[in-house]
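Grab a coffee and work through these short exercises with the model open. Try each task before you read its solution.

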Amino acid sequence: MATPKVTALVGFLGAGKTTTLKRLLETCPDGERIGVIANDVAKVNIDAALVRDVVQGEQGQVQSVQLDNGCACCTASDDLIQTFEELLEGAEEPFSHVVVEASGVAEASQMREVLLQIPAVRKGQAELGAIITVVDSNDFLKEFASGETLGERPDLTGERKAKPEMRRLVVDLLVEQVEGADALVLNKVDVFGDDQADAKVAQLRAILDKLNPDAPVHHTSFGRVDLLDIVAKQVHHRRDHVHVHEHEHHGHQDHGEAGECDCKHGHEDHGDHPHGTHHAKYGIDSFVFESSLPFHGPSLAKNVLKQMAAVQQLSSFPALEAIKHDVVVPADDADSEDEEFRQQVVQSEASSVKTNPFSRVIRSKGFLQLQSKPQTKMYWSHAGKLFSVSPHGDWPAGRPVTQQLVFIGVDMDQDKIIAHLNASLADAPRVP
Ligand SMILES: Nc1nc2c(ncn2[C@@H]2O[C@H](COP(=O)(O)OP(=O)(O)OP(=O)(O)O)[C@@H](O)[C@H]2O)c(=O)[nH]1
């Protein structure tokens, strides 16, 4: 078996890292054995839960562990290194690849440094694969095309004039994740629609090429890329490159020159240096909402989903419709509720962004239980303008359920959000 390749999937919150990883696991070629380390920003690792579901379906071909004690590229880098070693040691058969799904706030270049510090990599028992950044086509273009300041982005800050430095930093993170990558996956191109897709993708590729001329760009939807092929090409490229370099450096020495190199690859700094935490650096924070009571559908729609719809300035909100139709709403009530809802959205769009606690949420995700369908596990996923609540198998039968929703945002009013969620709960637990 060849040396395992260690690859990191990097990308901003909600860009599609888990989707891309799940796709790899679902289509994993025979003969490949893949280890997965999933890291999440919040204490509860939703990504690991999603990956575990796929892993169980793959009859042990894949092994996964979760890492949920901070960001793997800074505060939890030691944990990542230790977890990696344990994963390799505990493997029933050697891995061909280990993929680390980084948290949404991880920096690409720091991830590379951490992977290079893994003892197995240092000793040549494992090899760096690629740092692959997944880019959300929709959000990335918005950031670049708009030229807005953070003060003009209440969806990120919740305030018109607050902390102008924050916007720069969040965009900096997006840019760093592109600039520090070996390869880029331009995901979610489906959001453009057929008539606009080519032009928008071309525009985005032009920006990405400027930011990182060395990284190949693969555009796709729902992470449908051949990740192992991307890794193989990168490894090949790096080996060729190192080989050429060895020649060049020998040349310098032969002529007694110190030889400064301006090349962008293969000169990673392996030394120790301070890592700031991204939570402090980018103003991004997270919390987990937990409850053993299920949600009451109409209350959730009224107290939470309508608020989120207002922030997103959508005139329709599929998740809300799904939940409303999922619960028993008397027919005449339903119509008047619809009209009331539309009016509320219009009013909210005009006025409430500032006071709306959900305006500061960038990403939320987790599993919830509806009182009307207690056996069905619902997966809640919101990233930017995209929001879905969809069935995700069943809760384990006969056991009490704990719902967990992770909220990630900038300067969030946690108490207010929790109050809205608490006000949407049913009054008694429902065991599936
Ligand atoms: N329309 C569309 N939605 C997508 C695509 N890829 C992912 N999504 C959805 O976007 C949401 C976020 O996707 P994830 O794969 O969980 O994103 P992530 O980068 O792992 O998110 P974090 O771990 O929170 O940073 C989910 O609801 C996905 O179903 C895509 O290509 N098109």
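**Exercise 1: the overall fold**

Task: Count the helices and strands of the chain.

Solution: You should get 15 helices and 12 strands, taking DSSP runs numbered from the N terminus, with helices as H or I of at least four residues and strands as E of at least two. A word on the ground rules: this is a predicted model, where local features need pLDDT of at least 70, side-chain atom pairs count only at pLDDT 80 or more, and totals for chains, interfaces and linings use all residues. Residues are numbered from 1 along each chain as its sequence is written, and side-chain values use heavy atoms, leaving out hydrogens and water.

**Exercise 2: burial and contacts**

Task: Work out what share of the residues is buried.

Solution: Start with the 432 residues of the chain: 53% are buried (under 20% relative accessible area, 1.4 Å probe, protein chains only). Next, take contacts (heavy atoms within 4.5 Å) between residues at least 6 apart in sequence: 78% of them join residues at least 24 apart.

**Exercise 3: the largest nonpolar core**

Task: Find which elements give two or more residues to this core.

Solution: A nonpolar core is a set of buried Ala, Val, Leu, Ile, Met, Phe, Trp, Tyr and Cys residues joined through side-chain atoms within 4.5 Å. The largest one has 26 residues, with Phe140, Val178, Leu184, Leu186 and Leu208 touching the most other members. Its contributors of two or more are α8 (164-179), β6 (183-187), α9 (194-211) and β12 (403-410). The largest share, 6 residues, is from α9.

Notes
Buried means under 20% relative accessible area, exposed over 50%, partly exposed in between (1.4 Å probe, protein chains only).
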